[in-house]
Amino acid sequence: MEEPGLEWVDWFRSVAPYIHAIRGKTVVICLAGEMIREDHFNSFIADISMMSAIGARIVLVYGVRPQVEELMGLKAVESRYVSGIRITDAQALSCVKEAAGEVRLDIEAAFSQGLPNTPMAHSQCRVVSGNFVTARPLGIIDGTDYQLTGVVRKVDKEAIKRELDFGNIVLIAPLGFSPTGEAFNLTCEDLASSVAGELKAEKLAFLTNVDGVRRFGEVVTELTVQEANEFVSKKLVDDEDIYNLRYALKALNLGVSRVHIVPYALNGGILEEFFTHDGVGTMITSENLESLRQATADDVSGLIKLLEPLEEDGTLVKRPREKLEREINRFYVLEHDGIIYGSAALYPFPNEKLGEMGALTVDSAYQGSGDGERLLKHIENEARKVGLTRLFVLTTRTMHWFLKRGFRPASVEDLPIEKRKLYNWQRRSQIFIKDL
Ligand SMILES: CC(C)(COP(=O)(O)OP(=O)(O)OC[C@H]1O[C@@H](n2cnc3c(N)ncnc32)[C@H](O)[C@@H]1OP(=O)(O)O)[C@@H](O)C(=O)NCCC(=O)NCCS
């Protein structure tokens, strides 16, 4: 009988691998100034606070563009931009400082909530800010003097790391200071990519006004550095996407592992992006995230998480941990971004030139995308490589899947002698064989 609440328990268990994966990792999040005005801003802060509580080392970099625009409007000062970058004169800088101070206080206030029955109950997030960034003037480019607009010269990564070691969230305003004591206005995306690069962060997320990088009207879920470079150099995507991609590429070149472009308008967007297989925005990485490879001892826990629910409902035969550890080199796993979501094992019987495929599994959330077939083909190839000529499976629930893939029903007599002895007459699995 399914116990009440079991669905919830299953769900909670299913996020465990992502929690393990983010723990101790440095995550830099760049908040566009618009995000602070979103209705779900407090929920966003609760999400960040939760990520910090589960061990992520969080740096928040924020922008203040709409707040500065508003202040300049009130003071009747005209904004001037060239190539999307503000020309910051003395009046504009005073607005940037005012806006940065106010937004900082709003963010600190949001982190201080702790009402019972809200996600912030018992939260003890400490937010620290400081003079972590040294800047220099952007200077004169193509005849345009950007005045007090600056670029990052140095990030005091040791000071930031010390705060992160204490479990504090580091909050960085879009301002940097020069050794002469001047303040410079910084572009938050540029600042965030420099900070993430200096810290060699595992993740940098830009919360932006777009849904992600869009191609032919669709958000591209994942991009490699090569693809991102091509999108930028050949102008294959909109200007806004190119703008975000340039900073993403800068961070990746500086050693950040993954950059995410996530819409700030989506309530819970950052959680979906970080804690689900496909995410909601675009992830850009320098490595191939998905791999089908032979399992190693490090994969045992991941495999247990994948196989356990199917062993419990009787789809798969139970394998104790020690057996799995002993047989780990027989397993092949499908991995995405550090999470194991598929497996299959090959047990060769060289005398009969037969191979058994076992533990063929794809996490239920990702079934139906051809991964089961990929695993089967891989096992077939591995079997051929070691000179096997036939592959068999024992199954109680997946007969049709195998029939559709060239297997035919067989009997216990067709099994290798060793396996025949172990055949479980109570389980009465059906046997299917395929010529390779
Ligand atoms: C069998 C399994 C590995 C297939 O993985 P997958 O990634 O969904 O496989 P594919 O995407 O290559 O194939 C999907 C197709 O198989 C079908 N399918 C899935 N499970 C099936 C089953 N038990 N019986 C018959 N067909 C099945 C799907 O309906 C889909 O059909 P379609 O392509 O016509 O839409 C996966 O369903 C699984 O892990 N099942 C539970 C474990 C299990 O039974 N393993 C076999 C142990 S012997």
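Modeller: A salt bridge is a side-chain nitrogen of Lys or Arg within 4 Å of a carboxyl oxygen of Asp or Glu. The model discussed here is predicted.

Biologist: Which residue meets the side chain of R293 in a salt bridge?

Modeller: The N and O atoms of this pair are 2.4 Å apart, and the cut-off is 4 Å, so the pair qualifies. The partner of R293 is E335.

Biologist: How many residues apart in sequence are the parts that R293 and E335 tie together?

Modeller: R293 belongs to strand β19 (residues 290–294), whereas E335 belongs to strand β20 (residues 331–336). The salt bridge therefore ties together parts whose separation in sequence, in residues, is 42.

Biologist: Is E335 buried or exposed?

Modeller: Its partner R293 has a relative accessible area of 25% and is partly exposed. E335 has a relative accessibility of 17%. Buried means under 20%, so E335 counts as buried.

Biologist: How many salt bridges are there by this rule?

Modeller: The rule asks for a nitrogen of Lys or Arg within 4 Å of a carboxyl oxygen of Asp or Glu. Applied to this predicted model, the count of salt bridges comes to 26.

Biologist: In which helix does E70 lie, given its pairing with R37?

Modeller: The side chains of E70 and R37 form a salt bridge, with 3.1 Å from N to O. R37 lies in the loop between β1 (26–31) and α3 (41–53), so the pair ties together parts 33 residues apart in sequence. E70 is partly exposed at 46% relative accessible area, and R37 is partly exposed at 43%. The helix that holds E70, residues 65–74, is α4.

Biologist: Which residues are linked with R214 in a network of salt bridges?

Modeller: One salt bridge joins R214 to D241, with the closest N and O atoms 3.2 Å apart. R214 lies in strand β14 (residues 214–215) and D241 in helix α9 (residues 239–253), so this pair ties together parts 27 residues apart in sequence. D241 is buried at 1% relative accessibility, while R214 is partly exposed at 22%. The residues linked with R214 in the network are D238, E240 and D241.

Biologist: Which strands form the edges of the open sheet?

Modeller: The sheet has eight strands in the order β5-β10-β2-β1-β13-β17-β18-β16, with mixed pairing. An edge strand pairs on one side only, and this holds for β5 (127–128) and β16 (222–224).

Biologist: In the pairing of strands β13 and β17, is the sense parallel or antiparallel?

Modeller: Strand β13 covers residues 203–208 and strand β17 covers residues 258–263, with six bridges between them. Within this pairing, A205 stands opposite H260 of β17. The sense of the pairing is parallel.

Biologist: What angle does the direction of α9 make with that of β17?

Modeller: Helix α5 (residues 90–111) lies across β1, β2 (57–62), β5 and β10 (169–172), and runs at about 145 degrees to β2. Helix α9 packs on the sheet and touches β13, β16, β17 and β18 (282–285). Its direction makes with that of β17 an angle of about 155 degrees.

Biologist: Which residue has a polar side-chain atom 2.7 Å from an oxygen atom of the ligand?

Modeller: The ligand is surrounded by 22 residues, and the closest are L360, V362, G368, G370 and T398. At L360, a polar backbone atom is 2.7 Å from a nitrogen atom of the ligand. An N or O atom in the side chain of Q367 lies 3.4 Å from a ligand oxygen atom. The side-chain contact at 2.7 Å from a ligand oxygen atom is that of T398.

Terms used. Residues numbered from 1 in each chain as written. Predicted model: local features only at pLDDT ≥ 70, side-chain atom pairs only at ≥ 80, totals over all residues. Heavy atoms only, no water. Helix = DSSP H or I, 4+ residues; strand = E, 2+ residues; numbered from the N terminus. Buried < 20%, exposed > 50% of the residue type's maximum accessible area, 1.4 Å probe, protein only. Pairing = 2+ DSSP bridges. Contact = heavy atoms within 4.5 Å. Axes fitted to C-alpha atoms, helices over the stretch in contact; angles between N-to-C directions. Near = heavy atom within 4 Å. Polar contact = N/O pair within 3.5 Å; in protein donor to acceptor, adjacent residues only side chain to side chain.
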